[in-house]
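Trainee: Could you take me through a close look at one part of this protein? I would love to see how the place where two domains meet is put together, and what surrounds it.

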Amino acid sequence: GGRSNPGGFLIEQRRLDKQPADLRVRAFTEITLKPTADSGAAQASRCTDCGVPFCQNACPLQNNIPDWLALSADGDLREAWRVAAATSTMPEICGRICPQDRLCEGACTLQQSGWDGVTIGSVEAWIADTAFDNGWVEPIRPLAERGQSVAIVGSGPAGLAAADRLRSEGYAVTVYDRHDRAGGLLTYGIPGFKLEKRIVQRRVDRLIEGGVQFVLNTNVGVDVTMDELRSRHDAVLLAMGVYQARTLSVPGRGADDTVAALDFLIAQNRVDCGDAADASAPHAAGRDVVVVGGGDTAMDCVRTAIRQGANSVVCLYRRDRENMPGSAREVQNAEEEGVRFEWLAAPKALMSKGEAVTAVRAQRMALTEASASGRRDIAPVAGSDFDLPADLVIEALGFEPEAFAEQLDSGLGLSKWNTLQVARGGFATTLPGVFAAGDAVRGASLVVWAVRDGQDAAAEIDRYLRARTEEAAA
Ligand code: FAD
Ligand code: SF4
């Protein structure tokens, strides 16, 4: 009882306290301070149990948010954890890095009716962290071994979520990745100040302890072929993400004049994982940095450059603040940390002296009148050129799929965007026994969608393998 809490909104919303910007730019650790038992419960108790769980519907995992908020408000974190873990294989990760303003929190009835919404993401992370700290996170112990095996290509959130569910069902699971560490973009894309490496490693360790095999440094299509995987395993899940970086096409851009966003981020993430710094890797210390792009990747680059001790950091984005794809919260964090934004500005040329880049020549853009479709376009403003001094130019213009069919198997059907084609409403590719999930199917998306796909693909693979067993027995 006592669920309904009509006065919840009277409790003041408290976002998790952030470290002051001048302190947090000195480290690659998370910037929020952890809630105490009292403050966590107080924030959870702000949920008014409005009866129509818009938050749950807006969560790609359909997390049972009102239930775990009520349980946390009552101090029953252990039960809250049980409920949270039922729908999500990584609540502590989604709670940290989902763009909640566009998902659960944006849909919260309090938020929608002009009050401050419930801080759902930070309560979710707090529940899960408490569960890990108290040893409530159950090891994976399948009831019985099923005697069939599944290969998963790619150890990002889609692959890890599928591995968790398939191993729990008793399948032998082998995860292949071309990197030397598991985690995909959780490890080598997303910086530690949003998601500390130990949080990802904790998940990977749990899978290893549960019997999932990781085969790292193995590029599928080069070191092992798809035919080999298909003969070794009863089913294959492709969860390889999208890694072909878009590049600038402006005059003056030579091969060595720019750095790809992911190369820049990987170098820092390696150091955060404990590797020795690589002197030949791109680094922003003392440099004037211009990052081109306005998505999550661009935000991570500017904030990494600040922490590396850049002399100046400018983000160049051709649309305005309201139309940028990156999270508003991250823009605010970046501004607090000293990043300068040039909105409605697009690169026009790279300027060099000898071998070295010296500036980005940019031009102003203006929003045009809304077209019939209602979307406002942008057009360059004549005579508006200006130069931004730069000796490190980072391209964060988004990612396309790699050539999957060429690399893996010419029998793989592709969509018109060159992502892996799957059967409508499911995960089966055009090759029998081969499934696909995450960014490799959706194009660049979100961690929470990759988790959803991984979990659902695991359920479909389970049905497929059970059906095959029954056929064989018949
Ligand atoms: P990935 O995480 O990309 O993992 C794919 C894995 O497959 C990689 O480990 C790769 O090495 C491996 N692989 C690829 N090809 C092969 C092969 N041939 N053989 C073997 N292994 C292979 N989303 C959010 O929700 N919040 C954020 O804050 C956020 N920030 C981001 C920041 C950056 C810099 C980037 C790039 C993305 C961010 N995203 C964010 C998006 C999110 O990271 C992705 O949507 C998500 O990781 C996709 O998961 P995935 O499992 O499909 O693929
Ligand atoms: Fe919100 Fe993401 Fe958690 Fe769903 S998974 S409740 S969208 S933070």
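Mentor: Here is a walk through the meeting place of two domains, followed by a helix and some charged pairs. Keep in mind that this is a predicted model.

Let's begin with the layout. The protein is divided into domain 1 (8–133), domain 2 (149–242 + 401–473) and domain 3 (246–397). Notice that domain 2 is written as two stretches, 149–242 and 401–473. Our topic is where domain 1 meets domain 2. Taken over C-alpha atoms, the centres of domain 1 and domain 2 are 28 Å apart.

How many residues of domain 1 are in contact with domain 2? There are 24 on the domain 1 side, and they touch 23 residues of domain 2. Together the two domains bury about 2,100 Å² between them, and carbon and sulfur atoms give 67% of that area. On the domain 1 side, P60, T89 and I97 supply 30% of the area buried against domain 2, more than any other three residues.

Polar and charged groups take part as well. The rule finds 9 residue pairs in polar contact across the interface of domain 1 and domain 2, counting pairs with both residues at pLDDT 80 or more. Which helices supply the domain 1 side? α5 (77–87), α6 (91–97) and α9 (120–133) each give at least two residues to the side that touches domain 2. The largest share, 6 residues, comes from α6. Sorted by class, this side of domain 1 has 16 nonpolar, 4 polar and 4 charged residues.

Now for the salt bridges. Side chains of opposite charge can pair when their charged atoms come close. Across the interface of domain 1 and domain 2, the rule finds 2 salt bridges. If you look at R203 and E92, you will find their side chains meeting in a salt bridge, at 2.6 Å from N to O. Next, find R202 and D129, which form a salt bridge with their closest N and O atoms 3.0 Å apart. R202 lies in helix α12 (residues 197–209) and D129 in helix α9, so this pair ties together parts that are 73 residues apart in sequence. Are R202 and D129 buried or exposed? Both of them are buried.

Let's step back into domain 1 and look at helix α4, residues 65–73. This helix is mostly covered, with 7 of its 9 residues buried. Those buried residues are I65, P66, W68, L69, A70, L71 and S72. What do they pack against? Their neighbours are α2 (37–44), α3 (54–58), α5, α7 (104–107) and α9. You have already met α5 and α9, since each supplies at least two residues to the side of domain 1 that touches domain 2.

The backbone around α4 has two spots to examine. α4 is followed by G75, whose phi is positive, near 85 degrees. In the loop between α3 and α4 sits Q62. Most residues other than glycine have a negative phi. Q62, however, is a residue other than glycine with a positive phi, near 55 degrees. Q62 counts as partly exposed because its relative accessibility is 38%. You can find another case at N418, where phi is near 70 degrees, again a positive value in a residue other than glycine. N418 is in the loop between α17 (404–407) and β16 (434–436), and its relative accessible area of 42% makes it partly exposed.

To finish, let's set the interface pairs beside others. By this rule, the count of salt bridges comes to 34. One further pair is R253 and E395, with their closest N and O atoms 2.8 Å apart. R253 lies in the loop between β5 (244–245) and β6 (259–260), and E395 in strand β14 (residues 392–395), so the pair ties together parts that are 142 residues apart in sequence. R253 is partly exposed at 27% relative accessibility, whereas E395 is buried with a relative accessible area of 5%. R321 and E335 form a salt bridge too, with their closest N and O atoms 2.8 Å apart. R321 counts as partly exposed at 36% relative accessibility, and E335 also counts as partly exposed, at 33%. Finally, a network of salt bridges links K18, R24, R303, R307, R329, E330, E336 and E337.

Conventions: Residues are numbered from 1 along each chain as its sequence is written. Chains are lettered from A and ligands numbered from 1 in the order in which they are written. Side-chain values use heavy atoms; hydrogens and water are left out. Domain bounds come from an automatic or database domain assignment. Contact means heavy atoms within 4.5 Å. Buried area is the accessible area (1.4 Å probe) that two parts lose on being put together, summed over both. A salt bridge is a side-chain nitrogen of Lys or Arg within 4 Å of a carboxyl oxygen of Asp or Glu. A polar contact is a pair of N or O atoms within 3.5 Å; within protein, one must be able to donate a hydrogen and the other to accept it, and residues adjacent in sequence count only if both atoms are side-chain atoms. Helices (H or I, at least four residues) and strands (E, at least two) are DSSP runs, numbered from the N terminus. Ala, Val, Leu, Ile, Met, Phe, Trp, Tyr, Cys and Pro count as nonpolar, Asp, Glu, Lys and Arg as charged, and the others, Gly among them, as polar. Buried means under 20% relative accessible area, exposed over 50%, partly exposed in between (1.4 Å probe, protein chains only).
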